[in-house]
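Biologist: Please take one part of this structure and go through it closely. I would like a connected account rather than a list.

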Amino acid sequence: MNRRDFNKMLGAVAVAELTSLGARAETAAIPLKRLADQKRIMFGSCLALKYFNQSPTYKDLFLSQCDIATPELHMKWDSLSRQPGEYDFNNADQLVMFCSTNHIKVRGHTLVWHDSLPAWVKERLSPSSAKGVMFDHIQTVAGHFAGKLYSWDVVNEALDPGSQRPDGLRASPWLQNIGVDYIEQAFRATAKVDPKALLIWNENYLEVSNGFGDAKRQAMVSQLDRLLARGVPIHGVGLEAHLRSDQSNVLGDTSYELFLGELAKRGMKIFITELDVQDSTLPADVGSRDREVANLYKKFLTTSLRQPAVKGVVTWGLSDSFTWISGYRPRKDGLPVRPLAFDVNCQPKPAYYAIADALEAAPSRV
Ligand code: XIL
């Protein structure tokens with residue numbers, strides 16, 4: 001029985017019944033990477049080595065579902081460097097090696113961010129030192145992995161309409177110490193050391209059609225116009241898409257679709273980079289909770305994938321056992337969160353079927 005027939009047979013089945021169908025659900029779980037590949041789209045997840053050590057089943061799930069991966073932690077500045085000038089690439093190298101052995105592309109994440117900075121960087125940054133610190137880091141890290149990565153998130157979360165700046169840029173330590181130019185400099189420096197990698201600006205909340213998201217979109221488009229006019233090597237935009245179920249009315253709508261069109265018009269490749277759905281404010285009942293989460297996955301991804309410039313979908317985890325949402329947005333009632341496509345037993349949830357449906361509905365990329 002194929003996945004569609006299986007889906008039909010299940011109808012609006014509650015998740016409790018679904019998981020009780022264990023083995024059947026397993027056979028029905030056609031790998032998302034395969035469904036995506038039929039449309040020339042990439043599908044994957046973030047990854048940390050500790051998850052594999054804790055659960056061999058999770059490792060199998062990862063291998064079966066993903067053809068692209070983002071290190072959740074191992075390439076962040078504070079994971080790589082605890083002391084000035086000292087870098088430990090051990091974990092990141094293991095991850096890259098594992099992925100290359102298994103033909104999984106790696107999204108480098110991330111070079112220049114206001115977050116995850118080691119204490120020594122924060123202490124050292126000043127208007128006279130910041131550019132040198134940023135260049136050293138890019139040369140060391142992007143240089144170390146040169147030729148091995150699919151892409152780099154060169155800058156991460158650089159916009160913040162809350163900063164009250166007319167350009168909408170975040171008042172990050174990089175902006176404060178280097179000025180607006182840091183973005184251009186970061187892209188140029190990365191292109192120099194790793195000319196093969198796609199260079200991406202990864203950003204949050206661009207997918208939300210409310211006042212905050214609209215301001216971010218405007219800022220993003222004007223930054224792109226500014227950078228592209230100066231010939232800066234920027235190849236794509238990453239939309240994090242940490243979606244909130246209580247915002248489903250402002251997600252995956254027409255204005256979002258128009259925004260994707262604006263990015264595409266500027267030649268940007270678009271990636272959904274950190275997709276998950278927070279269920280913290282949904283009712284406790286697992287059946288209805290999972291259905292709401294799945295509905296939002298389907299709505300958001302169906303709209304996203306209609307835009308051919310969207311080349312890949314990366315979720316921020318695969319099974320509910322390993323998700324940052326349990327710390328970032330825990331439920332008030334203390335119940336475990338269920339933001340991902342597979343449950344704690346690595347069995348597909350309604351969210352899996354929603355993602356699969358959206359991939360099946362997507363037009364093929366050429
Ligand atoms: C998160 C990780 O998932 C957590 O484990 C870590 O404690 C903090 O960072 N935007 C990003 C990601 O670009 O790197 C963040 O990942 C989530 C928000």
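Modeller: I start from Tyr 205, which sits in the loop between E5 and H13. The model is a predicted one. The phi of Tyr 205 is positive, near 65 degrees, although the residue is not a glycine. With a relative accessible area of 29%, Tyr 205 is partly exposed, because that class lies between the 20% limit for buried and the 50% limit for exposed.

The loop leads on to helix H13, which has 19 residues and covers residues 211-229. At 1.5 Å a residue H13 should span 27 Å, and its end C-alpha atoms are 27 Å apart, so the two agree. The buried residues of H13 include Gly 213, Lys 216, Arg 217, Met 220, Leu 224 and Leu 227. Ala 219, Val 221 and Gln 223 are also buried. An α-helix has 3.6 residues a turn, so residues three or four places apart point the same way. The buried residues of H13 pack against two helices, H12 (182-193) and H14 (254-265), and against two strands, E5 (198-203) and E6 (236-239). Strand E5 is thus both a packing partner of H13 and one end of the loop that holds Tyr 205. After H13 comes Gly 231, with a positive phi near 75 degrees.

A positive phi in a residue other than glycine is found again at Cys 346, where it is about 65 degrees. Cys 346 belongs to the loop between H16 and H17. Its relative accessibility is 11%, so Cys 346 counts as buried.

Pro 339 is also placed between helix H16 (325-328) and helix H17 (350-361). Pro 339 counts as buried because its relative accessibility is 0%. Leaving out residues up to four places away in sequence, Pro 339 touches Asp 276, Val 277, Val 293, Tyr 297, Asp 320, Thr 323, Ile 325 and Lys 349. One of these, Val 293, is 46 residues from Pro 339 along the chain, yet their C-alpha atoms are separated by 7.1 Å.

One further backbone feature lies in strand E3 (residues 105-112), which contains Thr 110. The peptide bond from His 109 to Thr 110 is cis, with omega near 0 degrees. His 109 is also one of the residues around the ligand, along with Glu 72, Lys 76 and Trp 316, among others. A polar side-chain atom of Lys 76 is 2.7 Å from an oxygen atom of the ligand, and for Trp 316 the corresponding distance is 2.9 Å.

Notes
Residues are numbered from 1 along each chain as its sequence is written. This is a predicted model: local features need pLDDT of at least 70, side-chain atom pairs count only at pLDDT 80 or more; totals for chains, interfaces and linings use all residues. Side-chain values use heavy atoms; hydrogens and water are left out. A residue is near a molecule or strand if one of its heavy atoms lies within 4 Å of it. A polar contact is a pair of N or O atoms within 3.5 Å; within protein, one must be able to donate a hydrogen and the other to accept it, and residues adjacent in sequence count only if both atoms are side-chain atoms. Helices (H or I, at least four residues) and strands (E, at least two) are DSSP runs, numbered from the N terminus. The expected span of a helix is 1.5 Å times one less than its number of residues. Buried means under 20% relative accessible area, exposed over 50%, partly exposed in between (1.4 Å probe, protein chains only). Contact means heavy atoms within 4.5 Å.
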